[in-house]
Amino acid sequence: MGQGDWQKAGQKGGIPGGLGSGRKWWKDAVIYQIYPRSFQDSNGDGIGDLQGIIRRLDYLEALGVDAVWLSPVCKSPQDDNGYDISDYQDIDPMFGSLEDMEQLIAKAGEHGIRIIMDLVLNHTSDEHPWFLEAKSGKDNPYHDYYVWRDGEPGAPPNDMRACFGGSAWEWVPQLGQYYFHQFSVRQPDLNWDNPKVRQEIYEMIGWWMEKGVGGFRLDVIDQIAKAPDEKITGNGPMLHTYIRELSRETFQKGDLVTVGEAWGASPELAKLYSCPDGSEFSMVFQFEHIELDKQEGKQKWDLAPLPFLKLKEVLNRWQVSLYGCGWNSLFWDNHDLPRIVSRWGDDGKYRAESAKMLATLLHGMQGTPYIYQGEELGMTNVKYPIEDYRDIETRNMYRERVQAGYREEEVMASIYAKGRDNARTPMQWDGSENAGFTNGEPWIRVNPNYRDINAANQVGVPGSVFEYYRKLVALRKGYPVLTDGRFKLLLEEDEKVFAYLREDEGHRLLVLCNFFGEPAKCNLIASWEKETLLIGNYEDAGAGPGPEEAGILRPYEARMYLAKKG
């Protein structure tokens, strides 16, 4: 690939912006995540596909998003829903063909939307040709593409556990060795210490850049520099050396957005990951705020109430720490997380109000906002019997905990709250059978509330959650204070209201959010009521409440005010 070809990468389809324009396009962007198997089925097999996404590009353009991040669509045995890749340079037949992918990139470009690929570079499928060669013999040139240790059957090299349960080591009798896997036994970890592995990856990424993708999300990228003998997985000693080489050899040669998934990131590490010099990534997904509602030192399944003041403290620290020296990704939901309206809002009486409040709180901050499919509709969690769940993590946890003596009701309560399939039920397009997702048998059950919560009921309907999200997206494009303004947390000790200020040379912007389902007093309202109310989730907000309501935020109420300086 020549230098000119690299520079064209990510700019096909007439999308504005590009190299030399100075400002990075992704700083003003809003990104939408699609879980392809659950978005839109086009051929009746019950599984979403690339042609289904093409069919819904008008919807995405109406929402106003600038890019779409696709969860993995590469060829895979689907042991972990595509996060076990067997061919990085082909599309899994369940989603379509490589030609379909090329068409999606081009058609999305016509709508002003870039396509972001999800790359899994920490591990492959055990069906990847590299691994098939690797386990055929110790002398095979591909053997060192993976992490192996000598041993004896029943005596793994150490007691490291896989994230999906069981030992992180799998015995291969014909070799007399164990291979290392941080996730499923069918997801062997790549050996990034081998320069041949790194070069193969760089060439593959360049191939996708030539196809015109707009960027990459890098799955569990903070675990590529593992040192299993020292029981180190995340943030290994060579991590940033490898990432800088990866960026230099690929990303920096195109106009791309790159976001690394880094569960162990701190603000200090995030300054390296998202340094403005572009030496690593555009930004990272960090999960400190998302891990607050669990028992300290336990797994996500060990539930605990959300410590609201701690949430404020965490989000404030990330906003302040990265200002001018890094970049935040802003998200509540993704394919690994439960629906935020069920998690920290109210998916009953105040579903719409709390969905809008949570959106206001997030989209008012500095960083690039991510909307996960259905979040813009206020889609909710589900409660299914265990046999209706498809997620490997959920099913493994259920089996292990029941065998360990946990009460089944307790185990199911954890699944209802935190299971990944909450986010993976089919997109709810309309009130027809299967929510308009498929005319076949869906791969996973549709949420039963789809007749009440769906896109057809909301697009173009004043006051809907969708239209509220559309306005938030438009506001980000219209007011630079939302992208560039400094952040200041207000009312730090208030146990009901999340309030903060954004400020640049020309404007001050105030965001007020009652995080709970009871009215909350807020003394800041009085001094801002004469300023412009940019958006509010109650229709009569700013209309001048009576004296008995002055200074009160109603349940889950959110307001965003703008004041000009001078």
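**Two pockets and a three-stranded sheet**

In this predicted model, 27 residues line the second largest pocket. Nearest its centre lie Lys24, Trp26, Cys275, Pro276 and Gly278. The volume of this second largest pocket is about 460 Å³. Its lining comprises 11 nonpolar, 10 polar and six charged residues.

The largest pocket holds about 1300 Å³ of space. Its lining is made up of 46 residues. Cys163, Phe164, Phe183, Gln299 and Glu393 are the ones nearest the centre. By class, the lining of the largest pocket contains 19 charged, 16 nonpolar and 11 polar residues. Helix α12, spanning residues 392-403, gives the most to this lining. The helix supplies five residues.

Attention now turns to a sheet. Strands in a sheet are paired by backbone hydrogen bonds, in either a parallel or an antiparallel sense. Here, three strands form an open sheet in the order β6-β8-β7. The pairing is antiparallel. Strands β6 (148-150) and β7 (169-172) occupy the edges and have a single partner strand each, so one side of each lacks a neighbour in the sheet. On average, neighbouring strands of this sheet are turned by 30° against each other, with direction ignored.

The pairing of β7 with β8 can be followed in detail. Strand β8 covers residues 177-180. Four bridges join β7 and β8 in the antiparallel sense. Trp171 has Tyr178 of β8 as its bridge partner.

How values were computed:
Residues numbered from 1 in each chain as written. Predicted model: local features only at pLDDT ≥ 70, side-chain atom pairs only at ≥ 80, totals over all residues. Heavy atoms only, no water. Pairing = 2+ DSSP bridges. Helix = DSSP H or I, 4+ residues; strand = E, 2+ residues; numbered from the N terminus. Axes fitted to C-alpha atoms, helices over the stretch in contact; angles between N-to-C directions. 1 Å grid on protein atoms, 1.4 Å probe; cavity = no way out; pocket = protein on both sides within 12 Å on 5 of 7 lines; lining within 4 Å. Points joined across faces, edges and corners; volume = space filled by probe spheres on them. Nonpolar A, V, L, I, M, F, W, Y, C, P; charged D, E, K, R; others polar.
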